[in-house]
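Biologist: I should like to learn how to read the features of a model such as this one. Could we begin with the packing of helices and then turn to the strands?

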Amino acid sequence: MTQRVSGLVDLLDLRRESETTWLGRTDTVRLPHLYGGQLVAQSVVAAGRTAGEERPVHSIHTTFLRAGRPGEPVRFVAETLRTGGLITTLDVGVWQGERLLCRSTVSCCALVDGLTHQRPAPPSAGADASPDLRDVAEATGGLGDYWEEFAAIELRVDPVLRETHPAHSASPPNGIWMRSRESLPDDPLVHRATIAYASDLMLMSTAVTPHGHTTGHERSLAARWRAVSLDHAIWFHREARADAWLLFDHTTPAAHASRALIEATAFDADGREVCHVAQEALIRPHAG
(Lines give C-alpha, C1' and ligand atoms only; values in the text may rest on other atoms or scores of the structure.)
Protein backbone atom coordinates (compact mmCIF):
# COMPACT_ATOMS: atom_id res chain seq x y z
CA MET A 1 0.00 0.00 0.00
CA THR A 2 1.39 3.38 -0.98
CA GLN A 3 1.98 5.62 2.03
CA ARG A 4 3.67 8.68 0.51
CA VAL A 5 3.08 12.15 1.91
CA SER A 6 3.69 15.63 0.55
CA GLY A 7 4.73 17.83 3.50
CA LEU A 8 7.20 17.63 6.35
CA VAL A 9 4.56 18.13 9.03
CA ASP A 10 2.63 15.18 7.61
CA LEU A 11 5.82 13.12 7.28
CA LEU A 12 6.78 13.72 10.91
CA ASP A 13 3.32 12.98 12.28
CA LEU A 14 3.93 9.41 13.43
CA ARG A 15 0.99 7.30 14.54
CA ARG A 16 1.39 5.55 17.88
CA GLU A 17 0.65 1.84 17.72
CA SER A 18 1.74 0.85 21.23
CA GLU A 19 3.75 2.19 24.16
CA THR A 20 6.99 1.66 22.22
CA THR A 21 5.97 1.46 18.55
CA TRP A 22 5.22 4.21 16.03
CA LEU A 23 4.18 4.03 12.37
CA GLY A 24 5.50 6.47 9.80
CA ARG A 25 5.02 7.13 6.12
CA THR A 26 7.43 7.95 3.29
CA ASP A 27 7.79 11.18 1.36
CA THR A 28 7.53 11.96 -2.35
CA VAL A 29 11.23 11.96 -3.18
CA ARG A 30 11.82 9.65 -6.14
CA LEU A 31 15.03 8.05 -4.94
CA PRO A 32 15.72 4.35 -5.60
CA HIS A 33 15.69 3.91 -1.81
CA LEU A 34 14.46 5.89 1.18
CA TYR A 35 16.25 9.13 1.96
CA GLY A 36 18.37 8.65 5.08
CA GLY A 37 17.47 12.08 6.45
CA GLN A 38 13.83 11.02 6.56
CA LEU A 39 14.61 7.99 8.71
CA VAL A 40 16.79 10.04 11.08
CA ALA A 41 14.12 12.74 11.39
CA GLN A 42 11.33 10.26 12.10
CA SER A 43 13.56 8.45 14.62
CA VAL A 44 14.01 11.78 16.42
CA VAL A 45 10.23 12.11 16.64
CA ALA A 46 9.72 8.52 17.86
CA ALA A 47 12.35 8.96 20.59
CA GLY A 48 11.14 12.43 21.56
CA ARG A 49 7.51 11.39 21.85
CA THR A 50 8.52 8.35 23.91
CA ALA A 51 10.80 10.26 26.31
CA GLY A 52 8.38 13.19 26.72
CA GLU A 53 8.76 16.93 26.26
CA GLU A 54 10.48 17.43 29.64
CA ARG A 55 13.55 15.69 28.19
CA PRO A 56 14.22 17.04 24.69
CA VAL A 57 16.30 15.04 22.22
CA HIS A 58 19.89 16.30 22.39
CA SER A 59 21.70 13.70 20.27
CA ILE A 60 21.09 10.87 17.82
CA HIS A 61 23.60 8.39 16.39
CA THR A 62 22.24 6.35 13.48
CA THR A 63 23.80 3.39 11.69
CA PHE A 64 22.28 2.62 8.29
CA LEU A 65 21.96 -1.12 7.64
CA ARG A 66 19.68 -1.69 4.63
CA ALA A 67 18.07 0.42 1.94
CA GLY A 68 14.41 1.22 2.56
CA ARG A 69 11.69 0.86 -0.06
CA PRO A 70 9.81 4.05 -1.03
CA GLY A 71 6.03 3.99 -0.78
CA GLU A 72 5.84 1.50 2.10
CA PRO A 73 5.10 2.33 5.76
CA VAL A 74 7.97 2.32 8.23
CA ARG A 75 7.75 1.11 11.83
CA PHE A 76 9.79 2.68 14.64
CA VAL A 77 10.40 0.67 17.80
CA ALA A 78 11.65 2.94 20.61
CA GLU A 79 13.09 1.00 23.55
CA THR A 80 14.11 2.93 26.67
CA LEU A 81 17.56 1.66 27.70
CA ARG A 82 17.99 3.78 30.81
CA THR A 83 16.35 6.71 32.59
CA GLY A 84 18.62 8.64 34.95
CA GLY A 85 18.32 11.86 36.88
CA LEU A 86 18.79 14.02 33.78
CA ILE A 87 19.13 11.77 30.74
CA THR A 88 16.95 9.14 29.11
CA THR A 89 18.68 6.93 26.53
CA LEU A 90 16.68 5.07 23.90
CA ASP A 91 17.32 2.59 21.12
CA VAL A 92 15.19 3.19 18.02
CA GLY A 93 14.98 0.42 15.44
CA VAL A 94 13.47 1.25 12.03
CA TRP A 95 11.70 -1.59 10.27
CA GLN A 96 9.93 -2.31 7.00
CA GLY A 97 8.30 -5.67 7.55
CA GLU A 98 11.04 -8.02 8.78
CA ARG A 99 13.86 -5.83 7.43
CA LEU A 100 15.80 -3.65 9.89
CA LEU A 101 16.75 -0.50 7.95
CA CYS A 102 18.71 1.39 10.59
CA ARG A 103 19.24 1.62 14.31
CA SER A 104 19.74 4.76 16.40
CA THR A 105 20.90 5.52 19.90
CA VAL A 106 19.05 8.63 21.03
CA SER A 107 19.77 10.67 24.14
CA CYS A 108 17.17 12.98 25.68
CA CYS A 109 18.25 15.38 28.42
CA ALA A 110 16.42 17.68 30.81
CA LEU A 111 17.44 21.33 30.36
CA VAL A 112 19.72 22.70 33.08
CA ASP A 113 21.80 25.85 33.48
CA GLY A 114 25.54 25.41 33.23
CA LEU A 115 28.62 25.48 31.00
CA THR A 116 28.12 27.35 27.72
CA HIS A 117 30.46 28.21 24.84
CA GLN A 118 30.57 27.93 21.04
CA ARG A 119 32.82 28.50 18.05
CA PRO A 120 32.30 31.79 16.18
CA ALA A 121 29.87 31.79 13.29
CA PRO A 122 31.67 31.74 9.92
CA PRO A 123 31.74 34.74 7.54
CA SER A 124 28.65 34.78 5.36
CA ALA A 125 26.87 36.94 2.83
CA GLY A 126 23.55 36.02 4.44
CA ALA A 127 20.70 33.98 3.03
CA ASP A 128 19.16 36.86 1.08
CA ALA A 129 22.40 37.43 -0.84
CA SER A 130 23.01 33.72 -1.52
CA PRO A 131 21.86 32.12 -4.80
CA ASP A 132 19.38 29.27 -4.83
CA LEU A 133 20.91 25.81 -5.26
CA ARG A 134 18.90 25.30 -8.45
CA ASP A 135 20.46 28.41 -10.00
CA VAL A 136 23.98 27.30 -9.07
CA ALA A 137 23.29 23.85 -10.55
CA GLU A 138 22.41 25.30 -13.96
CA ALA A 139 26.14 25.53 -14.71
CA THR A 140 26.21 21.73 -15.15
CA GLY A 141 22.73 21.11 -16.51
CA GLY A 142 20.56 21.42 -13.40
CA LEU A 143 20.07 19.36 -10.28
CA GLY A 144 18.91 16.15 -11.92
CA ASP A 145 15.81 14.02 -11.54
CA TYR A 146 16.26 12.92 -7.94
CA TRP A 147 16.62 16.48 -6.69
CA GLU A 148 13.42 17.72 -8.29
CA GLU A 149 11.26 16.41 -5.45
CA PHE A 150 13.44 17.64 -2.56
CA ALA A 151 11.03 20.55 -2.37
CA ALA A 152 10.52 20.49 1.40
CA ILE A 153 13.83 22.27 2.09
CA GLU A 154 14.95 25.50 0.45
CA LEU A 155 18.73 25.61 -0.11
CA ARG A 156 21.00 28.53 -0.96
CA VAL A 157 24.75 28.38 -1.54
CA ASP A 158 26.64 31.07 0.35
CA PRO A 159 28.90 32.97 -2.11
CA VAL A 160 31.59 33.84 0.44
CA LEU A 161 34.71 31.98 -0.71
CA ARG A 162 37.28 31.05 1.90
CA GLU A 163 40.44 30.52 -0.12
CA THR A 164 42.30 28.67 2.63
CA HIS A 165 41.00 25.71 4.54
CA PRO A 166 41.20 25.35 8.32
CA ALA A 167 43.35 22.68 9.92
CA HIS A 168 40.33 20.45 10.52
CA SER A 169 39.23 20.33 6.87
CA ALA A 170 40.78 19.00 3.66
CA SER A 171 39.15 21.79 1.63
CA PRO A 172 37.62 25.22 2.27
CA PRO A 173 34.30 24.99 4.13
CA ASN A 174 31.01 25.19 2.22
CA GLY A 175 28.25 27.41 3.56
CA ILE A 176 24.71 26.23 2.77
CA TRP A 177 21.63 28.11 3.99
CA MET A 178 18.61 25.86 4.60
CA ARG A 179 15.06 26.24 5.85
CA SER A 180 11.74 24.46 5.59
CA ARG A 181 9.56 25.85 2.79
CA GLU A 182 6.54 24.92 4.88
CA SER A 183 5.60 26.92 7.98
CA LEU A 184 6.00 24.60 10.95
CA PRO A 185 4.05 24.38 14.21
CA ASP A 186 5.64 25.64 17.42
CA ASP A 187 6.44 22.13 18.68
CA PRO A 188 10.26 22.13 19.30
CA LEU A 189 10.45 18.42 18.47
CA VAL A 190 9.14 19.06 14.95
CA HIS A 191 11.87 21.67 14.46
CA ARG A 192 14.60 19.32 15.71
CA ALA A 193 13.33 16.60 13.41
CA THR A 194 13.19 18.99 10.44
CA ILE A 195 16.78 20.08 11.11
CA ALA A 196 17.70 16.38 11.16
CA TYR A 197 15.93 15.91 7.82
CA ALA A 198 17.84 18.82 6.27
CA SER A 199 21.18 17.84 7.81
CA ASP A 200 21.62 14.88 5.45
CA LEU A 201 21.59 17.15 2.38
CA MET A 202 24.81 18.37 0.72
CA LEU A 203 27.17 16.20 2.78
CA MET A 204 28.24 14.04 -0.18
CA SER A 205 28.88 17.19 -2.20
CA THR A 206 31.25 18.44 0.46
CA ALA A 207 33.03 15.07 0.70
CA VAL A 208 34.35 15.28 -2.87
CA THR A 209 35.28 18.97 -2.98
CA PRO A 210 38.95 18.05 -2.32
CA HIS A 211 38.76 16.10 -5.60
CA GLY A 212 37.67 18.96 -7.85
CA HIS A 213 33.92 19.02 -7.24
CA THR A 214 32.12 22.38 -6.99
CA THR A 215 29.34 22.58 -4.40
CA GLY A 216 25.98 22.92 -6.10
CA HIS A 217 26.95 21.03 -9.27
CA GLU A 218 24.87 18.05 -8.20
CA ARG A 219 24.31 16.55 -11.66
CA SER A 220 28.05 16.24 -12.24
CA LEU A 221 28.41 14.76 -8.75
CA ALA A 222 25.90 12.01 -9.58
CA ALA A 223 27.56 11.38 -12.96
CA ARG A 224 31.03 10.92 -11.49
CA TRP A 225 30.48 9.41 -8.03
CA ARG A 226 28.28 6.82 -6.34
CA ALA A 227 27.80 7.26 -2.64
CA VAL A 228 25.95 5.79 0.32
CA SER A 229 25.71 6.99 3.92
CA LEU A 230 27.10 4.58 6.51
CA ASP A 231 26.08 6.47 9.63
CA HIS A 232 24.80 9.87 10.74
CA ALA A 233 25.10 11.71 14.05
CA ILE A 234 23.60 14.98 15.31
CA TRP A 235 24.12 16.88 18.54
CA PHE A 236 21.46 19.53 19.20
CA HIS A 237 22.79 22.48 21.21
CA ARG A 238 20.06 25.13 21.15
CA GLU A 239 16.43 25.49 20.15
CA ALA A 240 15.95 26.91 16.65
CA ARG A 241 13.16 27.24 14.15
CA ALA A 242 13.71 25.09 11.09
CA ASP A 243 11.39 27.32 9.02
CA ALA A 244 13.88 30.19 9.52
CA TRP A 245 17.24 30.32 7.76
CA LEU A 246 20.05 28.19 9.22
CA LEU A 247 23.62 28.29 7.90
CA PHE A 248 25.22 24.83 7.68
CA ASP A 249 29.01 25.18 7.58
CA HIS A 250 30.30 21.98 5.91
CA THR A 251 33.81 20.54 6.16
CA THR A 252 35.46 17.21 5.34
CA PRO A 253 38.31 16.35 7.73
CA ALA A 254 39.48 13.13 6.07
CA ALA A 255 38.83 10.28 3.66
CA HIS A 256 40.58 6.94 3.24
CA ALA A 257 39.74 3.63 1.55
CA SER A 258 36.69 5.29 -0.06
CA ARG A 259 35.22 6.24 3.34
CA ALA A 260 34.81 9.99 3.79
CA LEU A 261 34.06 11.86 6.99
CA ILE A 262 31.92 14.97 6.66
CA GLU A 263 30.93 17.43 9.38
CA ALA A 264 28.59 20.40 9.53
CA THR A 265 27.87 23.00 12.18
CA ALA A 266 24.58 24.88 11.88
CA PHE A 267 24.09 28.49 12.97
CA ASP A 268 20.96 30.61 13.10
CA ALA A 269 20.80 34.10 11.58
CA ASP A 270 22.03 35.60 14.87
CA GLY A 271 25.18 33.47 14.82
CA ARG A 272 24.10 31.07 17.59
CA GLU A 273 25.36 27.51 17.14
CA VAL A 274 22.32 25.24 16.81
CA CYS A 275 23.73 21.76 16.18
CA HIS A 276 26.67 19.75 14.96
CA VAL A 277 26.47 16.95 12.37
CA ALA A 278 28.90 14.17 11.48
CA GLN A 279 28.58 11.46 8.84
CA GLU A 280 30.74 8.76 7.31
CA ALA A 281 29.97 7.86 3.71
CA LEU A 282 31.22 5.26 1.27
CA ILE A 283 32.05 7.12 -1.96
CA ARG A 284 33.49 5.53 -5.09
CA PRO A 285 33.86 6.71 -8.70
CA HIS A 286 31.64 5.15 -11.31
CA ALA A 287 33.40 2.47 -13.32
CA GLY A 288 34.84 3.77 -16.55
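**Helices and sheet**

Modeller: In this predicted model, helix α2 (residues 36-51) packs with α4 at an angle of about 155°, and their axes are 7 Å apart.

Biologist: How are α2 and α4 oriented to each other, roughly parallel or roughly antiparallel?

Modeller: The general idea is to compare the angle with a cut-off: angles over 145 degrees count as roughly antiparallel. α2 and α4 are therefore roughly antiparallel to each other. The crossing of α2 past α4 is right-handed.

Biologist: Which residues make the contact between α2 and α4?

Modeller: On the α2 side they are G37, Q38, V40, A41, V44, V45, G48 and R49, and α4 contributes L189, V190, R192, A193, A196 and Y197. By class, the residues of this contact comprise 9 nonpolar, 3 polar and 2 charged.

Biologist: Which strands does helix α4 lie across?

Modeller: Helix α4 (residues 188-199) lies across β3 (57-64), β7, β8 (174-180), β9 (225-236), β10 (246-256) and β12 (273-285). With respect to β9, α4 runs at about 150°.

Biologist: Let us turn to the strands. In what order do the 12 strands form the sheet, and is the sheet open or closed?

Modeller: The sheet is open, and its 12 strands follow the order β1-β2-β4-β5-β6-β3-β9-β12-β11-β10-β8-β7, with antiparallel pairing. The edge strands are β1 (15-16) and β7 (153-157), each of which pairs on one side only.

Biologist: What general idea should I keep in mind about the side chains of a strand?

Modeller: In a regular strand, side chains alternate between the two faces of the sheet.

Biologist: How many bridges join β4 to β5?

Modeller: Strand β4 (residues 74-83) and strand β5 (residues 87-96) run antiparallel and are joined by 8 bridges. One can follow the pairing at a single position: the bridge partner of E79 is D91 in β5.

Biologist: How many bridges pair β9 with β12?

Modeller: β9 and β12 pair over 11 bridges in the antiparallel sense. W225 stands opposite P285 in β12.

Biologist: What joins β12 to β11?

Modeller: Strand β11 (residues 259-268) runs antiparallel to β12, and 9 bridges join the two. Here T265 stands opposite H276 in β12. β11 and β12 also form a hairpin with 4 residues between them, and in its turn G271 has a positive phi of about 85°.

Biologist: How many residues lie between β10 and β11 in their hairpin?

Modeller: There are 2 residues between β10 and β11, and A257 in that turn has a positive phi of about 55°. The strands β10 and β11 run antiparallel and are joined by 9 bridges.

Biologist: Which residues allow me to trace a path across these strands?

Modeller: D249 is a convenient place to start. In β11, its bridge partner is T265, while D249 in β10 is also the bridge partner of G175. The strands β8 and β10 run antiparallel, with 5 bridges joining them. From T265 the path continues to H276, which stands opposite in β12.

Biologist: Where does UniProt place the domains?

Modeller: An unreviewed UniProt entry lists "domain: Acyl-CoA thioesterase-like N-terminal HotDog" at residues 33-107. Over residues 33-107 the chain is 21% helix and 49% strand, with the end C-alpha atoms 27 Å apart. The unreviewed entry also places "domain: Acyl-CoA thioesterase 2 C-terminal" at residues 155-280. Over residues 155-280 the chain is 19% helix and 40% strand, and its end C-alpha atoms are 22 Å apart.

Terms used
Residues are numbered from 1 along each chain as its sequence is written. This is a predicted model: local features need pLDDT of at least 70, side-chain atom pairs count only at pLDDT 80 or more; totals for chains, interfaces and linings use all residues. Side-chain values use heavy atoms; hydrogens and water are left out. UniProt positions are given in the numbering used here, feature names are shortened, and annotations may be inferred rather than shown by experiment. Two strands pair if DSSP finds at least two bridges between them. Contact means heavy atoms within 4.5 Å. Axes are lines fitted to C-alpha atoms, for helices over the stretch in contact, and angles run from 0 to 180 degrees between N-to-C directions. Angles under 35 degrees count as roughly parallel, over 145 as roughly antiparallel, 65 to 115 as roughly perpendicular and the rest as oblique. A crossing is left-handed if the near helix is turned anticlockwise from the far one by less than a right angle, and right-handed if clockwise. Ala, Val, Leu, Ile, Met, Phe, Trp, Tyr, Cys and Pro count as nonpolar, Asp, Glu, Lys and Arg as charged, and the others, Gly among them, as polar.
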